[in-house]
Structures are given as C-alpha cells and as structure tokens.
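Got your viewer open? Load the model, colour it however you like, and follow along stop by stop.

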Amino acid sequence: QVHLVESGGGLVQAGGSLRLTCTLSGGAISSHPMVWIRQSPGKEREFLGHARSIGINTYYAEYAGSVKGRFTISGDNAENAVHLTINSLKPEDTAIYYCAARQGFCSDNGCYQDLQQYAYWGQGTQVTVSS
C-alpha cells in the first residue's frame with residue numbers, strides 16, 4: 001500500500017525559501033506521478049504542479065500558471081521522494097501543502113491536473129509565511 005508523508009513545513013518570513021518533501025513508501029516514485037496542492041482556510045484546493053518520471057532519474061514537471069517560476073518540483077530516487085521548493089515566499093502562500101500519488105501514468109497530459117486521478121494522499125504540512 002502506498003503511503004505518503006509530507007515534511008518541511010514551518011514558519012518562514014516573506015521573501016525566504018522553503019523545500020517541502022513528500023516521501024513515498026510502498027512503491028517507487030518513478031512509478032507514480034505525483035502532484036502538489038495546497039489549501040488555505042476557506043479556500044478550495046489549489047493545484048500547484050505535478051511531476052512524473054520520464055526516464056532513469058529524470059522527472060518532468062508542470063506547474064499551475066499562478067506559481068510557475070517560483071515553485072519547483074523535483075524527484076529524488078535515492079530518497080524515494082518528491083520535493084517542492086518555493087522561492088520568494090509570500091504571506092498568501094500560507095496554507096497546508098499536500099502531495100498525492102497516482103497509480104500509474106495517464107494516457108493524456110490533461111489527466112495529471114485532475115485531482116480525482118490521485119488515489120494516495122499525505123496528511124499535509126503547514127506552511128506559514130509571515131510578513
């Protein structure tokens with residue numbers, strides 16, 4: 001059974017950077033497309049980006065337009081984890097950040113942004129950005 005654990009959240013000052021980690025057990029990240037989302041109180045879940053293996057130790061990532069350029073998703077086979085690095089943090093980045101894994105690859109790219117496609121979810125990690 002696939003199990004995900006997020007870590008790396010905390011309280012940071014605006015303008016700083018943070019790296020979140022999503023560690024997968026019960027499988028290999030190379031076999032599971034992964035997604036990062038966040039949710040703030042009173043708001044809907046926001047898709048941030050996804051990453052999937054496209055070769056040996058090679059991951060391809062796509063991002064939501066709202067975070068492109070500030071957020072980076074990377075895969076780490078050695079840790080069996082996916083990282084989300086956030087630069088130039090803003091107070092509006094305050095949220096609980098979740099990762100999720102899909103069982104297998106999609107037949108079309110649009111599928112990766114559909115959160116219903118992801119069966120396995122972590123418990124989330126809180127990120128709070130102070131101004």
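Number the bonded cysteines of the protein in sequence order: what is the pairing? The pairing is 1-2, 3-4, and we'll visit both links below. Before that, some ground rules. This is a predicted model, where local features need pLDDT of at least 70, side-chain atom pairs count only at pLDDT 80 or more, and totals for chains, interfaces and linings use all residues. Residues are numbered from 1 along each chain as its sequence is written, and side-chain values use heavy atoms, with hydrogens and water left out.

**The whole chain**

Start with everything in cartoon. You'll see zero helices and 11 strands; here helices (H or I, at least four residues) and strands (E, at least two) are DSSP runs, numbered from the N terminus. The C-alpha trace spans about 40 × 30 × 25 Å along its principal axes. The radius of gyration is 14 Å, close to the 14 Å that the globule rule gives for 131 residues, so the protein is as compact as a globular protein of that length. That radius is taken over C-alpha atoms, and the rule is 2.2 Å times the number of residues to the power 0.38.

Switch on the surface: the protein exposes about 6400 Å², and carbon and sulfur atoms supply 47% of that. Areas here come from the Shrake-Rupley method with a 1.4 Å probe; for residues, only the protein chains shown count as cover. Of the 131 residues, 44% count as buried, meaning under 20% relative accessible area (exposed is over 50%, partly exposed in between; 1.4 Å probe, protein chains only). Contacts (heavy atoms within 4.5 Å) reach far along the chain: among those between residues at least 6 apart in sequence, 59% join residues at least 24 apart.

**First disulfide: select C22 and C99**

A search of the whole structure finds two disulfides, each a pair of cysteine sulfur atoms within 2.5 Å. One of them joins C22 to C99, S to S 2.0 Å. This pair links distant parts of the chain, with C22 in strand β3 and C99 in strand β9, 77 residues apart. Look along the S-S bond: its torsion is about 65°, so the disulfide is right-handed.

Both C22 and C99 are buried, with C99 at a relative accessible area of 1%. Not counting residues up to four places away in sequence, C99 touches L4, E6, C22, V35, W36, Y120, W121 and G122. If you like measuring lines in the viewer, try C99 to L20: their C-alpha atoms are separated by 9.7 Å, though the two are 79 residues apart along the chain.

**Over to Y120**

From C99, hop to Y120, in strand β10 (residues 120–121). Is Y120 buried or exposed? At 17% relative accessibility, Y120 counts as buried. Leaving aside neighbours within four places in sequence, the contacts of Y120 are Q1, V2, L4, C99, A100, A101 and Q103.

**Second disulfide: select C106 and C111**

The sulfur atoms of C106 and C111 are 1.9 Å apart, forming a disulfide. With -50° about the S-S bond, this link is left-handed. C106 is buried, with a relative accessible area of 13%, and C111 is buried too, at 10%.

**Into the core**

Now show L4, L20, W36, L84 and Y97 as sticks. They have the most contacts inside the largest nonpolar core, which has 38 residues. Such a core is a set of buried Ala, Val, Leu, Ile, Met, Phe, Trp, Tyr and Cys residues joined through side-chain atoms within 4.5 Å. Strands giving two or more residues to this core include β3 (18–25), β7 (71–76) and β11 (125–130), while the largest share, six residues, comes from β9.

Centre on Y97. Beyond its neighbours within four places in sequence, Y97 is in contact with residues including L20, W36, L48, F71, L84 and V127.

**Last stops: a loop and a hairpin**

Select S40, in the loop between β4 (34–39) and β5 (46–55). S40 counts as buried, at 16% relative accessibility, and touches T94 and A95, not counting residues up to four places away in sequence.

Follow β5 onward. Six bridges join β5 to strand β6 (residues 58–63), and the two run antiparallel; strands pair if DSSP finds at least two bridges between them. S53 stands opposite Y59 in β6. At the turn, this hairpin has two residues between the strands, and N57 takes a positive phi near 55°.
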